[in-house]
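Please open the model in your viewer and keep the sequence panel beside it, since this tour moves from one selection to the next and says what is found at each stop.

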Amino acid sequence: MIYLTRKAEFSASHYYHNPNFTPEENHRIFGKCNNPNGHGHNYTLEVTVKGEVDSRSGFVVDLKQLKETMHFEVLDALDHRFLNKEVPEFRTLIPTTENLAISIWQRLKPKLKTAQLHRVRVYETADLFVDFYGEDSQDSE
Ligand code: NI
């Protein structure tokens, strides 16, 4: 089993708000991030796939397909977007880095053909990142 990671960057804006919270709760829990005018981040995405090395090509994955899938399924949908308003799942889901990682996983998983998705890592800043290994990560392998 070998692991391959491809990196990409995107910029997006968001704000945090839960309509089931009172205004006071939203303010207390989300602080400045609750401002509905939003604020931006330069995100870094790392997508890791795993598989066996193909003995004929020496590759674990079709790199072109991985790059194109990340481009069409993730970057086209998220880059330079106001996540809360322009990305369907974030009309109801709070666009935290946690939920971004899950959303990116769900966008990529059905589209990757040869290699198996292993991890989606999203950096919100250089000092903060989230890892998602899929819903069944506890009992897979
Ligand atoms: Ni933020």
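Along the chain, the donors of the nickel ion follow the spacing H-x24-H-x1-H, and the coordinates you are viewing are those of a predicted model. Select the ion together with His 14, His 39 and His 41: each of these histidines coordinates the nickel through its NE2 atom, at 2.0 to 2.1 Å. His 14 belongs to strand 1 (residues 2-14) and His 41 to strand 2 (residues 39-51), so this pair of ligands ties together parts of the chain that are 27 residues apart in sequence. If you switch on a surface at this point, bear in mind that both His 14 and His 41 are buried.

Now zoom out and colour by secondary structure. The protein has four helices and five strands, and, read from the N terminus, these elements run β-α-β-α-β-α-α-β-β. The C-alpha trace spans about 60 × 30 × 25 Å along its principal axes, and of the 141 residues in the protein 43% are buried. If you draw the contacts between residues at least 6 apart in sequence, 68% of them join residues at least 24 apart.

Next, select helix 2 (residues 63-78) and helix 4 (residues 97-108) and hide the rest. Two packed helices are described by the angle between their axes and by the distance between those axes. Here the axes come within 9 Å and cross at roughly 140 degrees, which means that helix 2 is oblique to helix 4. The crossing of the two helices is right-handed. To see what makes the contact, show side chains for Thr 69, Met 70, Glu 73, Val 74, Ala 77 and Leu 78 on helix 2, and for Leu 100, Ile 104, Arg 107 and Leu 108 on helix 4. By class, the residues of this contact divide into seven nonpolar, one polar and two charged.

From helix 2, follow the chain into the loop that leads to strand 3 (81-82), where His 80 lies. What is the sign of phi at His 80, a residue other than glycine? The value is positive, near 60 degrees. His 80 has a relative accessibility of 65% and therefore counts as exposed.

Go on to the loop between helix 4 and strand 4 (116-125), and pick Lys 113 there. Lys 113 is exposed as well, with a relative accessible area of 68%. Add Asp 62 to the selection and draw a line between the two C-alpha atoms: Lys 113 and Asp 62 are 51 residues apart along the chain, and their C-alpha atoms are separated by 8.6 Å.

The last stop is Arg 119, which is placed in strand 4. Is this residue buried or exposed? Arg 119 counts as buried because its relative accessibility is 14%, and the cut-off for that class is under 20%. Show its surroundings: leaving aside residues up to four places away in sequence, Arg 119 touches Glu 46, Val 47, Thr 48, Trp 105, Asp 131, Phe 132 and Tyr 133. Finally, add Tyr 3, which is 116 residues from Arg 119 in sequence, while the C-alpha atoms of the two residues are 9.7 Å apart in space.

How values were computed: Residues numbered from 1 in each chain as written. Predicted model: local features only at pLDDT ≥ 70, side-chain atom pairs only at ≥ 80, totals over all residues. Heavy atoms only, no water. Axes fitted to C-alpha atoms, helices over the stretch in contact; angles between N-to-C directions. Parallel < 35°, antiparallel > 145°, perpendicular 65-115°, else oblique. Left-handed = near helix turned anticlockwise from the far one by under 90°. Contact = heavy atoms within 4.5 Å. Nonpolar A, V, L, I, M, F, W, Y, C, P; charged D, E, K, R; others polar. Donors = N, O, S within 2.8 Å, 3.2 Å for Na, K, Ca; no water. Buried < 20%, exposed > 50% of the residue type's maximum accessible area, 1.4 Å probe, protein only.
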